[in-house]
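Here are my notes on the model you passed along. Have it open in your viewer while you read.

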There are 2 protein chains.
Amino acid sequence: MAENTKIPYKIYLEENEMPKQWYNMRADMKNKPAPLLNPGTLQPMTAEELEHVFCDELVKQELDDETAYFDIPQEILDFYKMYRPSPLVRAYCLEKALDTPAKIYYKFEGNNTSGSHKLNSAIAQAYYAKKQGLKGVTTETGAGQWGTALSMACAYLGLDCNVYMVKCSYEQKPFRREVMHTYGANVTPSPSDTTNVGRQILKEFPGTTGSLGCAISEAVEAATTREGYRYVLGSVLSQVLLHQSVIGLEAKAAMDKYHITPDVIIGCAGGGSNLGGLIAPFMGEKLRGEKDYQFIAVEPASCPSLTRGKYAYDFCDTGKVCPLAKMYTLGSGFIPSANHAGGLRYHGMSSVLSQLYDDGLMEAVSVEQTSVFEAATRFARVEGILPAPESSHAIKVAIDEALKCKETGEEKTILFGLTGTGYFDMVAYEKFNNGEMTDYIPTDEDLEKGFAGLPKVD
Amino acid sequence: MAENTKIPYKIYLEENEMPKQWYNMRADMKNKPAPLLNPGTLQPMTAEELEHVFCDELVKQELDDETAYFDIPQEILDFYKMYRPSPLVRAYCLEKALDTPAKIYYKFEGNNTSGSHKLNSAIAQAYYAKKQGLKGVTTETGAGQWGTALSMACAYLGLDCNVYMVKCSYEQKPFRREVMHTYGANVTPSPSDTTNVGRQILKEFPGTTGSLGCAISEAVEAATTREGYRYVLGSVLSQVLLHQSVIGLEAKAAMDKYHITPDVIIGCAGGGSNLGGLIAPFMGEKLRGEKDYQFIAVEPASCPSLTRGKYAYDFCDTGKVCPLAKMYTLGSGFIPSANHAGGLRYHGMSSVLSQLYDDGLMEAVSVEQTSVFEAATRFARVEGILPAPESSHAIKVAIDEALKCKETGEEKTILFGLTGTGYFDMVAYEKFNNGEMTDYIPTDEDLEKGFAGLPKVD
């Protein structure tokens, strides 16, 4: 195709071409995602109930299944300009190395200090908290990407930022902790003695190194018991997918500018923030019957919520303090094997993506981690970017798809989301480099244990 | 000025606007830098002698004081396209935070996996080695930025890469080591038993954790005693400044495009690779009498080669195996205090920059590290990028200059080089965050000890 010769390695939109609105897929969905339920009454959460936990404006976004476009406030647009547009990259070197007729593009979200796309929603959530006149926000973080992103956003706006960091990460991953400190955040190893739930857990399990579920519970308690604080979350929620739509909107604008139409769109999926953002405007066209695309969600074989989970109401957190969401889930008690290196450890999946998947509008595959790190290394060596383990799930499947094209001779255009860099994941790379990484696939019995904990709803 | 409203946050050149040639400042210098001397004969190094250590083409570049422009080979241009153009950023948020009438711009070289500008020369040096039909290259690395950059370049070209990494860094900074491993490099803790010099040092000092000087000696021995290998170096050399001119050429093209003329150009200076690259085309105009600019080299107060060193012939390495260069130097035996956190530890300075400084064409200031980390943190919080400690030296002085403008009301345009990110420097940030960082300024007696080791030349 003649287009080939004209496509630069990297496409950057001009400032005036950047999206000024977020796109809400739910507005075009025939089957809307099921509402969040109050964990006590099992009735749909009201705005009033949610406003106890989240900022008012974000509650509106969370509950709005009708409005297709939300204006991005000018302050957020200005912040976006510091690290956006992110480049849409033509993977010429990878194509050459694979000797494939496929055309591979990736939207690279790692060129900011948080190292990932998380910043897109962090600034939005912090902005609405600031606008509401709040003092600060609380959240939890595991490996630290989300906590870092939120710290950056809060530093920019002068908002207090309290991060409950899973204790073992706090101790074993001091670098991300120090990035958060540098951005002025208060980082508390969880469980801590600053909350009731933390004190209770410490009493019951004195030597515990914590869990994400416990950190969520502490962050929610801290937000709801202190004047002027709200809780914020980096994935799963519909509002997060809304903010992350900036990824897909930029990607689509860049592709449209060069008359490129993707055939296959691939993203890694943990809670769904990246995938939901990347596919948003393309899925919109599909939902409105304007165009067709193949969407592939890639998840780790060790935490296969879409490919092996159940579509059911479940708790969003292991502490069971958050609302219930209907989603593909492995059960809130499911914990991926300790040998699992990357992220994407969440037991469930965004309600929006779950509904799209259930409606057959999206596919899902699961991949094993050694194959993911093989793909990551291959990619790093030819494309120059050392990818995050999470992002590398998408790389693995993009390579697989490109190799299929090599066999069939098809010149498919592949777009995948490269969500971030792996600079803080070198312990996992070291394990892989030394041949010490193994794979783990849960047995049906393992999964049954997780399903047994699903709440009875209906 | 009306320009203000039109300047985007980040200026990216189009692919066809990127420089296709490197610029060699020496061609326009009235007083050429003094030649390298053979450490044995004290006579100028001949091309033949240098070709024993460096690739033929790079020797030509090293010795050429006349040719102003060198074509960048297409393969290198293609590699550059993977991570270049780097953005020229208008620091709107920093300006606002400082409430200064100054206009601040920075050229950000950290958006690649090596985390710094080092990749610009690494790919060039690796390319010429490959072109010469060599099997591989050897080098040394301290903190690991240069080693990482070289590993990436060699992986791309399929060249063997042997990095001698100072043993204490190898053990204490495992992350960069693993990035190099991921790119397929052989990383050897130095001193090692793979070279004569290494074995000798190990015998004399069994428990030593190594030094950069020792690692250089091992890398040079490994290159010169094995068939098909050459040694490469990431700074100081004139060829490196030539390759790094791509930084300044891009910055100038971006500024010219928007009719911006900098008044002050600021860069951190260790061996001079970044500063020499950033100022190159601007200095060219000054040398040719076309325009005037103020250039400021920023060095750490703990390693003040320009501000307190002597302009003399000295060894480039502590092992004294490399050629002698005339430069501002603290003596090859000078070792900055252990409490010095950032890079820029080199005892000397590029001969080109030394000559320019001696001719009064460039200024130099030295700054203390706690003030550097204060500036770094301030910058990170408003501009979103967590800077490398090295780069933060330039940030510190750019802020100082902007604050001077606030006092005088001058609307100066400031350009500084942001050479890289600090993601692998969080130990230093942690020290600063915890209030444990101190400053160190060598006494005159400390410096005299270093000067005492200068070789007798003339």
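The points below cover the ground rules, the symmetry, the interface and the cysteines.

1. Ground rules. This is a predicted model, where local features need pLDDT of at least 70 and side-chain atom pairs count only at pLDDT 80 or more, while totals for chains, interfaces and linings use all residues. Residues are numbered from 1 along each chain as its sequence is written, chains are lettered from A and ligands numbered from 1 in the order in which they are written, and side-chain values use heavy atoms, with hydrogens and water left out.

2. Symmetry. A turn of 180 degrees with a shift of 0.0 Å along the axis lays chain A on chain B at an RMSD of 0.0 Å (least squares on the C-alpha atoms of residues with pLDDT of at least 70 in both copies). That is how a two-fold axis relates two copies. Looking for the axis in chain A? Go to Asn111(A): its C-alpha is the nearest one, 3.0 Å from the axis. Both copies use the same surface, with 100% of the contact residues of chain A recurring in chain B.

3. Interface size. Contact here means heavy atoms within 4.5 Å, and by that rule 42 residues of chain A touch 42 residues of chain B. The buried area between the two chains is about 3900 Å², and carbon and sulfur atoms give 58% of that. Buried area is the accessible area (1.4 Å probe) lost by two parts on being put together, summed over both.

4. Polar side of the interface. There are 2 salt bridges between chain A and chain B (a side-chain nitrogen of Lys or Arg within 4 Å of a carboxyl oxygen of Asp or Glu). Take a look at Arg177(A) and Glu430(B), whose side chains form a salt bridge at 2.8 Å, N to O.

5. Which helices do the touching? Helices are DSSP runs (H or I, at least four residues), numbered from the N terminus. On the side of chain A that touches chain B, at least two residues each come from α3 (74–83), α6 (145–157), α8 (174–182), α15 (369–383) and α17 (426–433). The largest share, 6 residues, belongs to α8(A).

6. Cysteines. The count of disulfides is 0 over all chains, a disulfide being a pair of cysteine sulfur atoms within 2.5 Å. For Cys93(B), the nearest cysteine sulfur is that of Cys154(A), 16 Å away. Cys93(B) is buried at 10% relative accessible area (buried means under 20%, with a 1.4 Å probe and protein chains only). Cys154(B) is in no disulfide either, and its nearest cysteine sulfur, on Cys161(B), is 4.0 Å away. Cys154(B) is also buried, at 1% relative accessibility.

How values were computed. Buried means under 20% relative accessible area, exposed over 50%, partly exposed in between (1.4 Å probe, protein chains only).
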